[in-house]
Amino acid sequence: MNGKSAGGSTRSAGARTVPDVAGAAQAGAVVPGGAATVRRTRLRGRALVVAVGRVAVLVVFLGTWQLLAATHTIDTFYFGRPSGIWDRLETWIRHGTSQGPLLTQVWVTLQETLLGFGIGTTLGVVCGIALGRMRLAADILAPYIKTLNSIPRIVLGSVFAIWFGLGIGSKVALAVVLVFFGVFFNAFQGAREVDRALIANARVLGAGPVQVTWQVVVPSALSWITTSLHVAFGFAVTGAIVGELLGAQQGLGLLISQAQANFDPDGVYAGLVITALLALTAEGLITLLERRLLRWRPRPGSNR
Amino acid sequence: MRTELRQDPEPEPDAARQPVTPVPIVLDGVTKRFASPRGEHREAVRDVSFRVEPGSFTAVIGPTGCGKSTLLSLICGTERPESGTVSVDGRPVDGIGQDIGFVFQTDAVFPWKTVLGNVAAGPRFRGVPRARAQALAADWVRRVGLAGFERYHPHQLSGGMRKRVALAQTLVNRPRVLLMDEPFSGLDVQTRQIMSDELLSLWELTRPSVVFVTHDLEEAITLADKVVVLTAGPATVKEEFDIDLPRPRDAREIRHHPDFVRLHELVWKALRDEVRVAYERGLGAA
């Protein structure tokens, strides 16, 4: 029918009944046929190879590590070994840590991370969109924002520990500061790069400044913002853990720093494993959120 | 039976289909300058005067980059002239008017809204309650031939279908002035012809006053009651031509009409020199 619609996105017009209109001839209409089935089978085969490959990499990595440790090629005093890490995790899960149940530690760190992430992204999005819409204010504040951004913000952790004490507050504050700028700059850029034609169209159709912001700028900046969320969550975890390393009564960071103080590499690695699991779970959830919010976009790899 | 009919809340879309009260558009000695980055002033439009009769279709044609789009911005109210006046319905243009509809050259439908959401956007912006806006939108979606595609997002549609969405989105507001900036320039030749026919029949429904900017002479003659030829930038009016071809017109058939051929010859003579000037300037710049 027409060349550009070859290949099959299952969400395209062909999946449903196409009404008989003149324009239907140009619709991205694709009827999934034999070729698509063959390709799908091939894709499934590839997915299997990828999955097996991934597991293989992990097994080889852990196996080599364990082997080197068992043959004393590497010193377990410095490098630990996978079975030791597993034992440590098992002990923590069964008998709790030196600071109390493992779940409590995870929950404390998670709370700090989520609060920091939530507050930081909210502030970042609001400020970014607002300044993106207000050119004058953005130009006035630009040097100050750049200055603040150039400060190594990790150092603020010590300041916050003094201000907010050893409780959850100082960690949340550090996470917020780390998260804010990444999200802010993306939201700002997103608000700046809105297609001028879309804004002009909305205005002619009758939208006021507030409607333009909500109905054009925000949805348009959304892909920029969701991209920054992935990095932002990493920063939130970093903020929470570093905050705990600097001084805390509970949390994964404290667990790691105590393991370090006890010359216990297995404990440090076990803490890292738990942290990584948290971050991966969050990453998955953010990807889901992104898909949900950006449903209107063509999927990468689809034909348009 | 009768009372039931009276209680029916749906007779309104009929009213939405009625022709609008057309208004005249008058440009009188309009000049527009833009400041270049180096601080010099460049004239985009110089001393332009022409009149668009109420409910008529005027095509503005000129070489690429001559300032045609600036004229539309001035009528629309997004730009103001340095001198001269632009008036719609006898009143000088002051900001974007309620009566204006604008179909852009580039894709300007909202990619995150569905077809129905896009068409309902105008009424929603103007404070029409959601249910009513959606009913109006559904009506226009049907009228531009997209029934069944209400829930689709723009990226799932072809370029021609997206243009239909843009037309419906603009016309649902019942503009009395319809401005179009090379709306079909991104489409292939066959689709352009289909869209020209579509546009003419939609225009017949509500009969707004149209200013249609293009650099395609055949398209201009096919659609318009009057063709205004502009000079290579800064744009001034070189000549106006009345297109007295019979309506309704069929975009493909009309090209073989003897008068079409005659008019094409006539207008092309006026346009040819300007195109050459613009082309040579382009060579000079390159």
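This passage describes the confidence, the sheet of chain B and the interface between chains A and B in a predicted model. Residues are numbered from 1 along each chain as its sequence is written, and chains are lettered from A and ligands numbered from 1 in the order in which they are written. Because the model is predicted, local features need a pLDDT of at least 70 and side-chain atom pairs count only at pLDDT 80 or more, whereas totals for chains, interfaces and linings use all residues.

The model scores ipTM 0.86 and pTM 0.78. Chain B has an average pLDDT of 88 (the predictor's confidence in each residue, from 0 to 100), with 93% of its residues scoring at least 70. Over residues 1-11 of chain B the pLDDT is below 50, and beyond near neighbours in sequence this stretch has 0 contacts in the model, a contact being two residues whose C-beta atoms, placed from the backbone, lie within 7 Å. Where pLDDT is low, the predicted coordinates should not be read in detail.

Chain B holds an open sheet of 4 strands in the order 2-1-4-5, with antiparallel pairing; strands (E, at least two residues) and helices (H or I, at least four) are DSSP runs, numbered from the N terminus, and two strands pair if DSSP finds at least two bridges between them. Strand 2 (41-52) and strand 5 (91-92) of chain B each have a single partner strand, so one side of each is left without a neighbour in the sheet.

At the interface, 25 residues of chain A are in contact with 31 residues of chain B. Helix 8 of chain A gives the largest share of the chain A side, 7 residues.
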